[in-house]
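Work through the exercises below with the coordinates open. Each task is followed by a stepwise solution.

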Amino acid sequence: MKKKLVSFSVVAVAMLSLIFLAGCGKMKKERVHPEKKVPIAKKVGISFAVTSNPFDQAEKASLLKAAKDNGFKVIVKDAKNKLSSQHGDIESLIASKVGYLVVVPMKEKGFKGAFFAALEAKLPIILINRGIKGVPGKDFKVCITPDGVWEGKAAAEWLLNNIDGKISVVQLIGTPGASVTNERTEGFRDAVHGDSRIKILESKVCDFSFQEAYDKTKKLIKVYIQTGLKVNAIFAQNDSMALGAIKALKEEGIQPGKDIFIVGVDGQKEAKEAIEKGEMAATVGSSPDYGPIVFKNILAIEAGKDVEPIQEIRGKVYDKSNISQLDAF
């Protein structure tokens with residue numbers, strides 16, 4: 001009887017061991033994308049420079065939707081337009097053991113130190129909307145941005161092609177030091193350089209803010225009225241600033257779209273409406289829909305494929321002639 005009990009115990013232990021090992025095998029099985037059949041990183045860290053304006057909000061929504069659609073978890077940080085805060089956010093995301101680091105950098109410079117730990121850990125860094133000074137493929141894995149130089153040039157060309165006679169323009173620029181600010185400024189300046197018909201009277205920093213553009217346009221109007229200096233065009237480096245300028249002009253009895261032509265960048269719903277009403281002349285389309293392209297790159301990296309380190313997105317100019325075609329956000 002004793003011998004039979006021992007034999008039964010051996011068999012039972014062996015069976016339990018097999019069940020346990022089978023269970024462990026299931027636990028270790030990698031989670032895969034249902035269509036791509038590639039391993040998926042558990043977490044993606046996203047660091048925004050700011051999320052207060054409509055473009056940033058649409059960009060955030062696009063990334064969150066694409067993450068969900070592709071089975072990724074995300075951790076989101078908003079630096080509220082402070083470089084030191086963004087450094088802290090990046091350090092926090094790295095400490096959270098994310099599989100990828102997606103960053104909208106506030107400025108072109110100042111990220112080598114912040115990215116050091118990520119690069120040491122071989123954590124892929126994907127820059128979107130704005131770039132940094134660095135070596136592609138070394139200081140970051142991928143940089144996906146609009147063609148800012150083209151956008152600035154396209155805005156200048158619209159003014160030159162659609163306004164007769166002399167053009168006196170005020171430029172409302174975005175965040176100082178941001179790549180998109182520098183590029184749009186460069187493109188606009190290069191397009192007007194050497195053309196005697198157009199003159200940039202001044203450039204005002206408005207930080208991509210509706211309120212800043214409203215306040216500074218109000219002040220400019222009063223100065224120009226007092227001095228008798230005529231302004232007939234405004235180039236705003238995003239639609240939020242263009243809309244702030246429109247509000248300021250209307251309150252001072254100046255007709256936007258008639259007395260002053262305003263060109264923006266992006267493609268906001270409110271800008272589309274302003275163009276349809278004739279208050280805004282044009283907008284250079286710059287889509288915030290970065291989600292699909294970011295996760296397309298992540299899935300490619302997961303699958304061991306090579307990705308282009310620099311990816312530029314070029315939009316289209318919209319005015320009253322084709323504004324119905326704009327897929328506004």
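**Exercise 1. Cysteines**

Is Cys206 buried or exposed? Treat Cys143 in the same way, then count the disulfides.

Solution. Note the source before starting: this is a predicted model.
Step 1. Take the relative accessible area of Cys206, which is 0%. The cut-off for buried is under 20%. Cys206 is therefore buried.
Step 2. Cys143 has a relative accessible area of 7%. That value makes Cys143 buried, because the cut-off is under 20%.
Step 3. Look for cysteine sulfur pairs within 2.5 Å. The disulfide count is zero.

**Exercise 2. The cavity**

How many cavities of 30 Å³ or more does the structure hold, and which residues line the largest cavity?

Solution.
Step 1. The count at 30 Å³ or more is one.
Step 2. The volume of the largest cavity is about 110 Å³.
Step 3. Its lining consists of Asn53, Phe55, Asp56, Asn129, Arg130, Val180, Arg184, Phe208, Asn238 and Asp266.
Step 4. Map the lining onto elements. Helix H2 (54-69) and helix H6 (179-192) are the ones that give two or more residues.
Step 5. Sort the lining by class. Four residues are charged, three are polar and three are nonpolar.

**Exercise 3. The open sheet**

What is the strand order of the open sheet of six strands, and which strands are its edges?

Solution.
Step 1. Read the order across the sheet: E7-E6-E8-E9-E10-E12. The pairing is mixed.
Step 2. Find the strands that pair on one side only. These edge strands are E7 (198-205) and E12 (317-319).
Step 3. Add the twist. From one strand to the next, it averages 20°.
Step 4. Zoom in on one pair. Strands E8 (residues 233-236) and E9 (residues 261-266) run parallel and are joined by three bridges.
Step 5. Pick out a partner in E9. Phe235 is bridged to Val263.

**Exercise 4. A loop residue**

Where is Asp164 found, and how many residues separate Asp164 from Arg197 in sequence?

Solution.
Step 1. Place Asp164 in the loop between helix H5 (148-162) and strand E6 (167-173).
Step 2. Check accessibility. Asp164 has 74% relative accessibility, and the cut-off for exposed is over 50%, so Asp164 counts as exposed.
Step 3. Compare sequence and space. Asp164 and Arg197 lie 33 residues apart in sequence. Their C-alpha to C-alpha distance is 8.9 Å.

Note on methods:
Residues are numbered from 1 along each chain as its sequence is written. This is a predicted model: local features need pLDDT of at least 70, side-chain atom pairs count only at pLDDT 80 or more; totals for chains, interfaces and linings use all residues. Side-chain values use heavy atoms; hydrogens and water are left out. Helices (H or I, at least four residues) and strands (E, at least two) are DSSP runs, numbered from the N terminus. Buried means under 20% relative accessible area, exposed over 50%, partly exposed in between (1.4 Å probe, protein chains only). On a 1 Å grid over the protein atoms alone, a cavity is a set of points where a 1.4 Å probe fits but cannot get out, and a pocket is an open set with protein on both sides within 12 Å along at least five of seven lines; lining residues have an atom within 4 Å of a point. Grid points are joined across faces, edges and corners, and a volume is the space filled by probe spheres set on the points. Ala, Val, Leu, Ile, Met, Phe, Trp, Tyr, Cys and Pro count as nonpolar, Asp, Glu, Lys and Arg as charged, and the others, Gly among them, as polar. Two strands pair if DSSP finds at least two bridges between them. Axes are lines fitted to C-alpha atoms, for helices over the stretch in contact, and angles run from 0 to 180 degrees between N-to-C directions.
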